[in-house]
Amino acid sequence: MKLFNSILGLTFLFISSISLIACGQNKSADNTSDKKTDNFSIIKTNDDWKKELSIEQYKVLREKETERPFTGKLLYNKEKGVYKCAGCGNELFTDEMKFDSHCGWPSFDKEIAGGKIKKVEDNSFGMHRTEIVCAKCGGHLGHLFDDGPTATGMRYCVNSESLTFQKEMAVAEATKTKNNIDTITLGGGCYWCVEAVYEMLDGVVSVTSGFSGGTVANPTYREVCMGNTGHAEVVQIIYDNKKTSLDEILKVFFTVHDPTTLNRQGADEGEQYRSVIFYRNNEQYKTAKSIIDELNKRKVYDNPVVTQIVPFKVFYKAADDHQDYYSQNQEKPYCKMVIQPKLEKFEKLFKDRLKKTDK
Ligand SMILES: [Zn+2]
């Protein structure tokens with residue numbers, strides 16, 4: 001029966017699409033017996049997946065390997081947030097569904113509703129198991145067992161490598177004090193500089209350095225510097241609308257970086273240094289657009305503004321030693337030569353708007 005299914009599957013694949021075979025959905029066709037699950041909305045070649053995923057992610061998601069137990073980075077994660085497919089960002093689980101299973105892999109007793117996960121019969125290694133894959137990209141997640149200790153009785157046993165985690169802090173904080181607290185993500189060249197400036201602005205609740213706008217999940221600083229991830233260095237700013245406004249935040253933004261140089265800030269060159277505003281709603285879009293139109297109309301700069309205005313998708317926080325970089329490294333030449341002048345310019349122009357607490 002299995003053999004028949006495989007042959008049928010392969011024949012079907014061959015007739016229906018040459019490209020499907022080229023991307024080699026599965027080198028071992030007997031690994032999954034249900035080839036009907038090939039109608040995923042995201043289909044990429046193995047080469048493309050290799051470019052987008054880390055080696056470990058690729059092995060698990062695309063080659064169905066299993067990470068060693070008790071090694072995954074999300075195993076003990078207890079923060080509030082959403083677990084997404086590391087291949088395509090499909091939202092699969094929330095923190096509320098996670099439980100300690102002591103089996104060595106992140107475990108969940110439920111999935112986010114809506115058919116985001118497909119179950120596939122798996123008879124590999126002489127066992128009878130249910131494999132779980134992302135319904136969007138087909139990425140291997142792990143297995144589903146019916147020995148869960150909670151009311152659902154289910155245990156979704158998932159590789160950390162198959163998942164990315166998005167902390168809910170920003171979202172939660174925003175809903176807590178609705179209307180007052182807002183979030184905007186801005187790329188204005190080196191994030192160390194931009195972060196240092198906003199730390200000083202009154203009304204800014206928090207500033208986090210990270211990456212946005214690219215195709216690689218959880219990129220490292222090194223990967224972004226290589227310029228192949230598509231990400232921009234950004235700061236994510238949570239601000240209080242009672243004390244400041246997006247208007248003011250963007251005025252600061254256009255003061256402390258040069259929005260007219262494409263993919264470059266001073267000596268920092270590359271797509272990761274592009275000038276970009278990631279908006280979260282129509283209002284933010286309109287504010288950004290009108291300020292840029294105004295700057296161009298009044299010819300504030302010698303050249304036209306090239307700042308991109310694009311919808312926000314996901315933000316990846318940079319490593320801890322990249323946060324508060326300026327205040328931690330004031331003696332470093334880059335801080336003295338590049339960041340300090342920007343801070344001085346900001347302090348001069350916005351002197352009434354600085355945070356009252358002295359740092
Ligand atoms: Zn996926």
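**Figure 1. Strand 8 and its burial in the predicted model.** The model shown here and in the other views is predicted. Strand 8 covers residues 155-158, and its side chains alternate: Arg-155 and Cys-157 point one way, whereas Tyr-156 and Val-158 point the other way. All of these residues are buried. Strand 7 (residues 140-145) runs antiparallel to strand 8 and is joined to it by four bridges. Strand 4 (residues 107-108) also runs antiparallel to strand 8, with two bridges between them. Cys-157 of strand 8 is the bridge partner of His-143, and Ser-107 stands opposite Cys-157 as well.

**Figure 2. The open sheet of three strands.** The strand order is 2-1-9, and the pairing is antiparallel. Strand 2 (91-94) and strand 9 (163-167) stand at the edges with a single partner strand each, so one side of each has no neighbour in the sheet. From one strand to the next, the twist averages 30 degrees. Strand 1 (residues 81-85) pairs with strand 2 in the antiparallel sense over three bridges. Within this part of the sheet, Val-82 is found opposite Thr-94 of strand 2.

**Figure 3. The open sheet of six strands.** Here the strands follow the order 16-15-10-12-11-17, and the pairing is mixed. At the edges are strand 16 (308-311) and strand 17 (315-317), each of which pairs on one side only. Neighbouring strands of this sheet are turned against each other by 35 degrees on average, with direction ignored. At one edge, strand 17 pairs with strand 11 (residues 204-212) in the antiparallel sense, over three bridges. Gly-210 has Lys-317 in strand 17 as its bridge partner.

**Figure 4. Helices packed on the sheet of six strands.** Helix 6 (residues 191-200) packs on this sheet and touches strand 10 (181-188), strand 11 and strand 12 (232-240). The direction of helix 6 makes about 10 degrees with that of strand 12. Helix 9 lies across strand 10, strand 15 (275-279) and strand 16. Relative to strand 15, helix 9 runs at about 150 degrees.

**Figure 5. The surroundings of helix 6.** Eight of the ten residues of helix 6 are buried, so this helix is largely enclosed by the rest of the structure. The buried residues are Tyr-191, Trp-192, Cys-193, Val-194, Glu-195, Ala-196, Val-197 and Tyr-198. Their cover includes three strands, namely strand 10, strand 11 and strand 12. It also includes helix 8, helix 10 (325-328) and helix 11 (333-349).

**Figure 6. The contact of helix 6 with helix 11.** The axes of these helices come within 9 Å and cross at roughly 30 degrees. With this angle, helix 6 is roughly parallel to helix 11. The crossing of helix 6 and helix 11 is right-handed. On the side of helix 6, the contact is formed by Trp-192, Cys-193, Ala-196, Val-197 and Met-200. These residues meet Val-338, Ile-339, Lys-342, Leu-343 and Phe-346 in helix 11. By class, the contact has nine nonpolar residues, no polar residues and one charged residue.

**Figure 7. The contact of helix 8 with helix 9.** Helix 8 spans residues 246-256 and helix 9 spans residues 282-297; their axes come within 10 Å and cross at roughly 45 degrees. At this angle, helix 8 is oblique to helix 9. The crossing of helix 8 and helix 9 is right-handed. Helix 8 contributes Leu-246, Asp-247, Leu-250 and Phe-254 to the contact. They meet Gln-284, Thr-287, Ala-288, Ile-291 and Leu-295 of helix 9. Sorted by class, the contact has six nonpolar, two polar and one charged residues.

**Figure 8. The protein chain as a whole, for orientation.** The secondary structure of the chain comes to eleven helices and 17 strands. The chain has 359 residues, of which 35% count as buried. Among contacts with a separation of 6 or more, 66% are between residues 24 or more positions apart.

Terms used
Residues numbered from 1 in each chain as written. Predicted model: local features only at pLDDT ≥ 70, side-chain atom pairs only at ≥ 80, totals over all residues. Axes fitted to C-alpha atoms, helices over the stretch in contact; angles between N-to-C directions. Parallel < 35°, antiparallel > 145°, perpendicular 65-115°, else oblique. Left-handed = near helix turned anticlockwise from the far one by under 90°. Contact = placed C-beta atoms within 7 Å. Nonpolar A, V, L, I, M, F, W, Y, C, P; charged D, E, K, R; others polar. Pairing = 2+ DSSP bridges. Buried ≥ 20, exposed ≤ 12 C-beta atoms within 10 Å, placed from the backbone.
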